[in-house]
Amino acid sequence: MIDDLRTLVEVESPSRDVDALTASAHAVAAVVEKRLGGRAVLVDSEAGPHVHWSGGGDPRVLVLGHHDTVFPLGTLARRPFRVEDGHATGPGVFDMLGGLVQAVHGLAALDDLTGVEILVTADEEVGSRTSRALIEERALACGAALVFEGAAEGGGLKTGRKGCGTFEVTVTGRAAHAGLEPEAGVNALVEASHQVLDIAALGRPDIGTTVTPTVASAGTLDNVVPAEATIVVDVRVATGAEKERVESAFAALTPHLDGAHLTVRGSVGRPPMPESAAAELFAVARRLMPGVEGRSVGGGSDGNFTAALGVPTLDGLGAVGGGAHADHEYLVVAAMAERAELVTGLVRALQDRPGGAVSGRTAG
């Protein structure tokens, strides 16, 4: 597993870099074919190739992951792959190349891979715009999804996720000389300041809704009334009702200043993943790994899409570690074999399930 992890980490795969992601997709496909046999198909998209593999037969379980990372080209030179003091480090080890390796090796322990599909996408970190339809198609066909994002803190599985999305509010005002006739302008920065307060007030953290302005820009020169400003907002919601409320509230934003205009773009693109979607699969995981915890988390994944379709979905099956998207990202090497064994047991249970129900048969 360490050798395969090194192979994947050392092929850098920043989101939106199609050339880099093409090389990464070939590396992922080679690892899958080496360990499982068969042929991994590269599915081209504007974002880069997605990797799809099937064990044949009637689809029963979708193993879901992504090979794009948030780290730009050149990160590997500064932070090369290393294994030291029980931790593997390097760009993407935790989110989520380690999970891919564990999944493949867990599947390799099965004598029969009939009904198993693997889908490794190229654009999860940037919203899964080109892969969502394929994810949903294969999840519905398989009837169950195992998502190999990094584990929750302490190694827990992710049994619920908030819906998440990004909104962009553009304010259009009117430029004027800031010294000679500021009153002739419409100050987009002042309007944006009003909007930031209105937007922040939409949050309801008591029920899991966070609405967080994260990036703002305005103005051109220090003596010009700014004619345009932009606000970017991160939104997380725990329920479908809150998704609708927040989206409606953004659509209803109105200017405070005469002459100012607003343009709002965005949505809660990833629907919430309710804990009910994971209940059946988590019960099997608890039998296979007694004591493992289930946690609901604020981040989103492609499991949000599969769960929203009513497909049983269990997330956080990937690497145990931490530091996702940060320079201190790491994977706990000692946990890799146990997590691969969990994959083996879960997939066997899903292959055996009668009429859509999951059996509790353990690996052995």
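This is a short walk through two nonpolar cores and one sheet. Keep in mind that the model is predicted.

Let's start with the core. In soluble globular proteins, nonpolar side chains tend to be buried together. Here, the largest nonpolar core has 57 residues. Leu5, Leu107, Leu146 and Leu314 have the most contacts inside it.

Which elements give two or more residues to this core? Three of the helices come from early in the list: α1 (2–9), α2 (18–36) and α4 (93–108). The strands are β2 (50–54), β3 (61–66) and β6 (116–121). Then come α8 (279–288) and α10 (336–352). The most comes from α4, with 9 residues.

Now take Leu314. Set aside its neighbours within four places in sequence. Leu314 then touches, among others, Ala145, Leu146 and Val147. Its contacts also include Leu157, Lys158 and Thr159. Further along the chain, they include Ala278, Leu281, Phe282, Ala285 and Leu346.

Apart from this core lies another, of 18 residues. Leu202, Val211, Val235 and Val246 are among them.

On to the sheet. It is open, with 4 strands in the order β10-β11-β9-β12. The pairing is antiparallel. Which strands sit at the edges? They are β10 (210–218) and β12 (261–270), each pairing on one side only. From one strand to the next, the twist averages 15°.

Look at the pair β9 and β11. Residues 163–172 form β9, and residues 228–237 form β11. These antiparallel strands are joined by 10 bridges. Glu168 stands opposite Val232 in β11.

Last, a helix. α6, residues 188–200, lies across β9, β10, β11 and β12. Its direction is at about 10° to β11.

Terms used
Residues numbered from 1 in each chain as written. Predicted model: local features only at pLDDT ≥ 70, side-chain atom pairs only at ≥ 80, totals over all residues. Heavy atoms only, no water. Core = buried A, V, L, I, M, F, W, Y, C linked by side-chain atoms within 4.5 Å. Buried < 20%, exposed > 50% of the residue type's maximum accessible area, 1.4 Å probe, protein only. Contact = heavy atoms within 4.5 Å. Pairing = 2+ DSSP bridges. Axes fitted to C-alpha atoms, helices over the stretch in contact; angles between N-to-C directions.
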